[in-house]
Amino acid sequence: MGGQTAKTRLTGVLERIGAACRACGRDPSAVTLVAVSKFHDASAVAELAACGQTIFGESYIQEALPKIEAAPAGLCWHFIGHLQRNKAKLAVGRFDLIHTVDNVELAHILQKRAAAQHLIQAVCLQVNVAGEAQKSGVAPGGLDALAEAVAACPNLRLDGLMVIAPVFDDPEGARPAFARLRALRDALASRLGQPLPVLSMGMSGDLEAAITEGATHVRVGTDLFGPRI
């Protein structure tokens, strides 16, 4: 992969997304590709942006903010990593979507900062559907309470749910986690009486399984940027 061009890598991932959508009767335009640029510098972002990719995902505030400044203007940035409370205020207004809200205290910090900036911050709730101790995310049993708390924050817009699925040798092994997230989203949307259009799930190794289960945003790093040197 290291010898491939950015254009070749991007084309390959988009072809995988298109094939997965066709296989399950979905419109490829319904799936958003988030290029995970963590650990890759602004020049790598610029190279992929020149090929037409406009949405990039970062996991660490201290790495992301200078990169956003150095990267080409006009790109869309998503925050997809664990958001520490002491850095949360720095994310507000810098990211079009924060995928990883997983507790009420974090939501309140984001709300306070967004209100101070007179803006609406779009967020998703990260759910730990498999109960993995090493991963962040609200437990499914706590999702309703967290969602209601976020919905009560006037400067936060709840767009949907996010999951980091367990890793399996066979990507099909991740499908139950993706299906569970979709079911939780559907139930929560009904409970809140509002659409929750975003299902952020699936990465390089399992994006086909995620798309089959309804992913709207897939987060792909290595398959787009190649291995880190």
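These legends describe close-up views of a predicted model. Residues are numbered from 1 along each chain as its sequence is written, and side-chain values use heavy atoms, with hydrogens and water left out. Because the model is predicted, local features need pLDDT of at least 70 and side-chain atom pairs count only at pLDDT 80 or more, while totals for chains, interfaces and linings use all residues.

**View 1. Phe 56 and Trp 77 form an aromatic pair.**
A search of the whole structure finds 3 aromatic pairs. One of them joins Phe 56 and Trp 77, with 5.6 Å centre to centre and 35° between the planes. That geometry is tilted. (Rings of Phe, Tyr and Trp, the last by its six-membered ring, pair if their centres lie within 6.5 Å; planes under 30 degrees apart count as stacked, over 60 as edge-to-face and the rest as tilted.) The pair links distant parts of the chain: Phe 56 sits in strand 2 (residues 55-58) and Trp 77 in strand 3 (residues 76-79), 21 residues apart. (Helices, H or I with at least four residues, and strands, E with at least two, are DSSP runs numbered from the N terminus.) Phe 56 and Trp 77 are both buried. (Buried means under 20% relative accessible area, exposed over 50%, and partly exposed in between, with a 1.4 Å probe and protein chains only.)

**View 2. Helix 5 turns one face inward, lined by its buried residues.**
Helix 5 (residues 104-116) has 13 residues. Its first and last C-alpha atoms are 18 Å apart, close to the 18 Å expected at 1.5 Å a residue. (The expected span is 1.5 Å times one less than the number of residues.) Leu 106, Ala 107, Leu 110, Gln 111 and Ala 114 are buried. Seen down the axis of helix 5, the buried residues fall within an arc of 135°, so they line one face. (The arc is that of the directions from the helix axis to the C-beta atoms.) An α-helix has 3.6 residues a turn, so residues three or four places apart point the same way. Cover for the buried residues of helix 5 includes helix 4 (85-91), strand 4 (97-101), strand 5 (121-126), helix 6 (143-151) and strand 6 (156-162). On the face turned away from the buried side are the exposed residues Lys 112 and Ala 116.

**View 3. Asn 103 and His 118 flank helix 5.**
Asn 103 caps the N-terminal end of helix 5. A side-chain oxygen of Asn 103 lies 3.2 Å from the backbone nitrogen of Glu 105. Just after the helix comes His 118, with a positive phi of about 55°, although His 118 is not a glycine. His 118 belongs to the loop between helix 5 and strand 5. It is exposed, with a relative accessible area of 72%.

**View 4. Lys 38 and Phe 39 share the loop between strand 1 and helix 2.**
UniProt, in an unreviewed entry, lists Lys 38 for "modified residue: N6-(pyridoxal phosphate)lysine". (UniProt positions are in the numbering used here, feature names are shortened, and annotations may be inferred rather than shown by experiment.) The loop runs between strand 1 (32-36) and helix 2 (42-49). Lys 38 is partly exposed at 28% relative accessibility. Lys 38 touches Gly 57, Glu 58, Ser 59, Tyr 60, Glu 63 and Lys 67, not counting residues up to four places away in sequence. (Contact means heavy atoms within 4.5 Å.) Phe 39 has a positive phi of about 70°, although not a glycine. Phe 39 is partly exposed, with a relative accessible area of 43%.

Key
A polar contact is a pair of N or O atoms within 3.5 Å; within protein, one must be able to donate a hydrogen and the other to accept it, and residues adjacent in sequence count only if both atoms are side-chain atoms.
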